[in-house]
Amino acid sequence: ESLRAVDSDIPFFMPVDRSFTKSGFGRVATGTVHAGMVSSGDTLVLTPGGERVSVRGIQVHGQSVETAGQGDRAALNLRGDAVDAISRGTVLGHEHALLDGQRLDVLIEPVPEFAEAIRNGASLRVLTGTAQAQAKLRLLEHDEANDDRVLAQLRCDRALPARPGMRFVLRSNSPAQTVGGGIVIDAQAPRRRRFDKVNNAALQALANADRDAVLLHLAREAGLHGIEKTELARRLGAADAVLETLTGNNEKVAVSGTRVFACGAIDDVSAEILTALRDYHEQHPQQTGMKHADIAGTFSGRAHEGLVQMACDSLKAAGAMQASGDRWHLSEFDATAGLSDAQRRLAQRIETVFEKAGVVSPVINEVIGRNAAARESLQYLLDSGRVVRLQTRDRNMLALHASTIDGVRAQIS
């Protein structure tokens with residue numbers, strides 16, 4: 001379903017054309033329901049502003065009803081601290097129904113006889129619903145419009161209630177006449193460069209895209225940090241339940257907790273992790289691998305922790321890397337490759353001692369004595385993470401096998 005189409009999953013919203021106080025009732029707001037359904041008792045959000053009010057009662061064509069739906073001419077009796085803020089131009093809606101944006105990505109359809117008014121830098125009046133604002137026009141592909149549809153950004157002098165797919169009208173200031181219209185592509189757009197072919201092609205595609213494609217675009221735009229579900233719901237104008245369905249059915253996005261990522265971001269992070277592990281193995285050939293915290297640290301805040309974890313899990317599932325205790329290593333890597341046969345056998349015997357000891361930690365010096373070779377083998381086991389030294393208050397140095405620690409953690413969690 002394209003942005004141009006009416007979407008039955010869009011939350012309720014109604015642009016207000018009149019707001020007044022009626023004796024015995026309180027605040028009443030009237031308008032035409034553009035989408036969704038509203039019921040008595042619902043909580044509505046004011047856009048712009050974000051304040052909340054509740055619905056006391058509903059009338060449609062002068063008759064009291066419990067609900068009003070798309071296309072109904074409705075009067076809503078409202079209560080709440082914010083009712084006095086409601087005026088013509090305000091939009092009442094359910095959560096995530098609209099955004100209040102001052103920079104809009106739009107696709108404009110000029111009125112042919114007034115196409116010369118659609119030019120870069122022009123100051124025009126933009127009307128959405130019952131709201132309006134003065135806007136500076138920034139054409140993204142041309143300096144002037146022709147009879148075809150054109151991509152543009154509208155930079156408004158005030159926040160306008162809008163959502164992807166919402167229609168608008170453009171009017172010149174003098175003389176006052178309608179010079180074009182179109183649809184909103186992004187109601188809270190970033191500043192975009194003109195004549196950016198890649199970006200413009202993406203916007204053209206989004207203008208006629210379904211919400212799955214828009215979801216993927218927003219996830220890609222968020223990069224390695226991902227986008228919160230609440231923000232995604234706002235940008236898509238989708239109810240929470242609809243968003244869960246969209247993210248669950250879209251194979252090109254992945255979810256970690258409350259954050260959504262493009263699967264391409266997982267691939268990018270996975271490639272960096274593999275490179276980091278190769279470098280680490282080359283520099284530390286006798287250590288089993290990198291701690292997860294060190295892997296995350298290689299991104300220096302460039303990637304969200306949830307994305308790093310998904311990339312690690314993906315690489316493990318693909319057989320590209322494995323975990324040993326709290327360390328990750330490439331599947332083909334063998335930390336014992338640099339040890340002689342005698343060192344390898346000695347390390348295995350020492351590891352067996354700690355593994356069989358379980359939670360009863362043996363004293364390190366009692367295990368290795370004064371044997372220099374045994375001390376070197378123990379150091380390999382400590383560096384590799386197979387055996388973990390414990391912090392103690394006395395002079396006895398104690399250690400546990402990594403599997404024992406993992407077992408204790410599992411019981412605690």
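In this predicted model, I295 is in contact with I273, L277, M290, V308, C312 and W328, leaving aside its neighbours within four places in sequence. I295 also belongs to the largest nonpolar core, which has 41 residues. I295 is among the residues with the most contacts inside that core. The others named with it are V269, I273, L307, V308 and I350. Several elements give two or more residues to this core. They are α5, α6 (292-297), α7 (305-317), β21 (327-330), α8 (341-357), α9 (364-368) and α10 (372-384). Helix α5 gives the most, with eight residues. A second core, of 33 residues, is separate. It includes I10, V126, F168 and L170.

Helix α5 also takes part in a second arrangement, with a sheet. Three strands form this open sheet, in the order β16-β18-β17. Their pairing is antiparallel. Strands of a sheet pair through backbone hydrogen bonds, either parallel or antiparallel. Strands β16 (227-228) and β17 (253-256) stand at the edges. Each has a single partner strand, so one side of each is left without a neighbour in the sheet. Strand β17 pairs with β18 (residues 259-262) over four bridges, in the antiparallel sense. Within this pair, V255 stands opposite V260 in β18. Helix α5 (residues 263-283) packs on the sheet and touches β17 and β18. The direction of α5 makes about 75 degrees with that of β18.

Two helices form a further contact. Two packed helices are described by the angle between their axes and the distance between the axes. For α3 (residues 229-236) and α4 (residues 240-249), the axes come within 10 Å. They cross at roughly 100 degrees. Angles of 65 to 115 degrees count as roughly perpendicular, and α3 is therefore roughly perpendicular to α4. On the α3 side, the contact is made by K229, L232, A233 and L236. On the α4 side, it is made by D240, L243, E244, L246 and T247. The residues of this contact divide into five nonpolar, one polar and three charged.

A single histidine site completes the description. H217 is found in helix α2 (residues 211-222). Its relative accessible area is 17%. Buried means under 20%, so H217 is buried. Leaving aside its neighbours within four places in sequence, H217 is in contact with R192 and L206.

Conventions:
Residues are numbered from 1 along each chain as its sequence is written. This is a predicted model: local features need pLDDT of at least 70, side-chain atom pairs count only at pLDDT 80 or more; totals for chains, interfaces and linings use all residues. Side-chain values use heavy atoms; hydrogens and water are left out. Axes are lines fitted to C-alpha atoms, for helices over the stretch in contact, and angles run from 0 to 180 degrees between N-to-C directions. Angles under 35 degrees count as roughly parallel, over 145 as roughly antiparallel, 65 to 115 as roughly perpendicular and the rest as oblique. Contact means heavy atoms within 4.5 Å. Ala, Val, Leu, Ile, Met, Phe, Trp, Tyr, Cys and Pro count as nonpolar, Asp, Glu, Lys and Arg as charged, and the others, Gly among them, as polar. Two strands pair if DSSP finds at least two bridges between them. Buried means under 20% relative accessible area, exposed over 50%, partly exposed in between (1.4 Å probe, protein chains only). A nonpolar core is a set of buried Ala, Val, Leu, Ile, Met, Phe, Trp, Tyr and Cys residues joined through side-chain atoms within 4.5 Å.
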